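This report walks a new reader through one protein model, beginning with a single residue and its surroundings and moving outward from there. Please look over the sequence and the structure first.

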Amino acid sequence: MLRVFMRRATSATLLCTLSSFAAIEAEAQVPVSPDTELPAVSVISDTDAKSNKKAPAAAQQSSTPKNSGGGAPQTARSEDNSDVAVSPTGIASPVEEIASSVTVITSKEIQAQQRRTLPDVLRSVPGLNVVQTGGPGGQTSVFMRGTNSNHTKVLIDGIDVSDPSNPNRSFDFGQMLTTDIERIEVLRGPQSGLYGADALGGVIVIYTKAGKGPPKATGMVEGGSFGTFNQAASISGGTDRYNYSFNVSHFRADDTPVTPFDLLPPGTIAHGNRYDNWTYSTKIGVDVTKDVAVHFVARYTDATLYFTGNPGDNLSRSDFDQFYTRGEVVWTTLGGNLTNYFGVNYANLQTDNYSFSSGRSSNDGERVKYDWRSVLRVAPGYTIVTGAEHQNEQLDTPALFAEEWNRAGFAELQSEIFRNFFLVANVRYDDNENFGGHTTWRVAPAYVIDATGTKLKGSVGTAFKAPTLSQRFQDFPPYFFGNPDLAPEESLGMDAGFEQAVLGGRAQFGATYFYNDITNLIDSNATYTSYANVGRAKTSGVEVFASADITESLRVRADYTYTEATNEITHTELLRRPRNKASLSAGWTPYDPLLLTASLVYIGETADIDRATYANVTQPGFTLVNVAADYKLKDGVSLFGRIDNLFDKHYENPNGFEGTGIGVYGGVRFTN
């Protein structure tokens with residue numbers, strides 16, 4: 001039974017919540033430690049000569065050359081597991097067999113480009129627009145394939161990290177550091193058939209590093225522009241029976257300009273943002289017997305952001321305390337053909353705001369989830385995934401306490417119908433304490449033509465976004481009231497495309513058309529006093545890519561995305577969805593100890609809202625260029641440096657928040 005307890009709302013809570021809403025808007029469980037080295041699915045018999053395939057592996061968002069020098073690992077692309085993806089099916093699968101549009105970013109690429117925060121990593125991914133209110137630590141939203149910023153589900157080591165306490169149950173990407181990330185998978189298109197609520201635009205799955213081999217200690221120190229001073233350290237290792245990894249990261253930027261001068265009242269001084277983030281994480285695995293393993297992960301972030309809520313104000317402050325953990329038991333039986341995962345997740349996100357103009361407010365969101373998933377290999381080329389979960393979610397503010405449960409079950413078939421024709425189909429049923437049952441599904445076929453190195457792919461599926469506890473039950477009398485009768489937002493989406501390998505697989509190119517029809521969108525009602533299911537939107541576009549290993553020491557990649565995102569009620573463009581986005585990256589090892597990388601990101605003009613007047617405006621486009629270098633002094637010691645925004649481009653994304661200008665950074669990395 002749903003439990004809601006009302007408390008008296010303060011004006012500070014109202015202002016903070018509504019401002020947060022404005023800034024944001026303009027599941028099958030995947031394993032904690034997926035085995036990407038040995039894909040769990042073998043879809044043809046051992047006698048088939050699979051090694052002759054030349055199908056493209058378009059997933060890699062990589063500019064790091066095969067013969068990479070500097071501090072980056074000296075491995076080929078296939079050896080860093082970027083040719084394998086887990087998120088499209090929940091099973092580690094070769095990318096050449098996957099119909100879904102998925103981008104895989106490995107720790108090797110993150111280290112090569114020296115990206116320190118998650119928003120910086122995601123900016124160049126096709127189909128995404130990353131919007132950050134100011135510099136590091138500013139509220140960060142991701143718009144995937146033109147859908148809303150709360151239509152992307154985010155999992156870290158299998159844990160749903162969306163925030164139950166904010167109005168849209170969205171994830172603030174700005175609070176996550178990258179030091180301990182092993183791989184990121186960006187899965188585009190509706191995915192509720194496997195992942196449940198919130199996955200209308202897609203899913204971003206993040207895995208942190210697991211230990212292996214002899215005990216290893218690493219350390220990093222970096223300094224640079226805007227008072228930046230970062231440190232990180234880790235201890236990891238493992239044997240055939242156990243593995244462990246302990247990490248601590250510290251990010252600090254003391255003075256990042258974010259307020260455009262034309263917004264400052266006369267005679268006032270622009271205050272730069274200050275951000276401080278300490279993140280601690282661990283991952284432990286133990287093989288209790290040859291058939292039973294236990295996994296445990298935990299992550300805690302303690303961050304503080306000082307910012308100006310209104311231009312010319314003194315600094316306000318937001319404190320973030322985020323804790324995520326998952327325990328998992330893995331039982332393998334039937335000669336390795338059946339694997340069961342039993343997991344318990346816990347997430348707690350606390351935000352305290354101290355506003356110069358409106359006082360103090362706080363939110364506390366909590367989620368507990370129990371899940372079971374089984375992977376059964378019924379025959380060569382046929383794998384069945386089934387599972388169930390029970391989740392309880394809570395919202396706690398000075399004005400309200402509310403909670404509810406959601407139960408779900410799902411099934412998926414991953415198959416090779418005949419040689420080189422791969423098909424994934426899933427269906428899921430969610431039963432929510434408040435709005436009842438909801439069924440979603442997805443079908444994704446892919447066909448590989450060996451003779452020409454061509455992959456044809458497509459998918460069609462449905463998704464939904466459950467109304468949040470805040471939208472249904474949080475009142476701000478006499479101004480605004482929740483609506484307990486809200487229904488889920490729904491979508492039908494599809495895509496179709498091809499990928500082509502040339503030059504013996506050294507180069508690839510391809511294109512994918514996508515389309516989404518979203519109904520029952522939650523928006524303010526006609527009197528702006530509550531929420532209602534009155535919105536409808538359509539998004540469509542094309543994602544195009546080309547990549548090539550020019551030589552063993554030089555790799556380049558280019559991506560282009562065209563997006564149309566329309567409000568079907570007002571027939572206007574949706575906010576902060578650029579029609580045109582392009583990225584270009586390159587990595588070069590001129591000689592063995594040195595690795596050079598460069599990246600370019602172009603964001604076209606977008607519809608936005610003027611921060612000062614709230615009028616609709618067209619925000620100009622911009623281009624950013626970053627360069628980085630990594631030099632291996634000797635075994636275990638590397639020097640690195642980078643220049644972000646090389647040409648000091650002035651831009652705003654979103655309107656009223658100055659993008660970070662040119663920055664120069666450098667440091668040293670140690671490994672025993």
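Leaving aside residues up to four places away in sequence, Ile204 touches Leu122, Met144, Thr152, Lys153, Val154, Leu155, Phe173, Ile184, Glu185 and Val186, where a contact means heavy atoms within 4.5 Å. This is a predicted model, in which local features need pLDDT of at least 70 and side-chain atom pairs count only at pLDDT 80 or more, while totals for chains, interfaces and linings use all residues. Residues are numbered from 1 along each chain as its sequence is written, and side-chain values use heavy atoms, with hydrogens and water left out.

Ile204 also belongs to the largest nonpolar core, which has 27 residues, and is listed with Leu118, Leu122, Phe173, Ile184, Val186 and Ile206 as having the most contacts inside this core. Such a core is a set of buried Ala, Val, Leu, Ile, Met, Phe, Trp, Tyr and Cys residues joined through side-chain atoms within 4.5 Å; buried means under 20% relative accessible area, exposed over 50%, and partly exposed in between, with a 1.4 Å probe and protein chains only. At least two core residues come from each of several elements, including helix H3 (118-122), strand E9 (181-188), strand E10 (202-208) and strand E17 (338-355); helices (H or I, at least four residues) and strands (E, at least two) are DSSP runs, numbered from the N terminus. A second, separate core of 23 residues includes Val84, Ala92, Val104 and Phe410.

Charged pairs come next. The whole structure holds 39 salt bridges, each being a side-chain nitrogen of Lys or Arg within 4 Å of a carboxyl oxygen of Asp or Glu. Three of them are set out below.

| Pair | Closest N to O | Separation in sequence |
|---|---|---|
| Arg169 and Asp198 | 2.9 Å | 29 residues |
| Lys369 and Glu389 | 3.7 Å | 20 residues |
| Arg576 and Asp608 | 3.0 Å | 32 residues |

Arg169 lies in the loop between strand E8 (159-160) and E9, and Asp198 in the loop between helix H4 (192-195) and E10, so their bridge ties together parts that are 29 residues apart in sequence. Are these two residues buried or exposed? Both Arg169 and Asp198 are buried, as are Lys369 and Glu389. Arg169 and Asp198 are also linked with Lys153, Asp160, Arg367, Glu393 and Lys465 in a network of salt bridges.

On the surface, Glu552, in the loop between strand E26 (531-551) and strand E27 (554-567), counts as exposed at 51% relative accessibility. The C-alpha atoms of Glu552 and Pro65 are separated by 6.5 Å, although these residues are 487 residues apart along the chain. Tyr447, in strand E22 (residues 436-449), is partly exposed, with a relative accessible area of 31%.

Confidence should be kept in mind throughout. The mean pLDDT of the protein is 89, and 89% of its residues reach 70 or more; pLDDT is the predictor's confidence in each residue, from 0 to 100. Among the elements, helix H1 (residues 11-25) has the lowest mean pLDDT, 37, and strand E34 (residues 637-644) the highest, 98. Over residues 38-54 the pLDDT stays under 50, and the model has 34 contacts beyond four places in sequence for this stretch.
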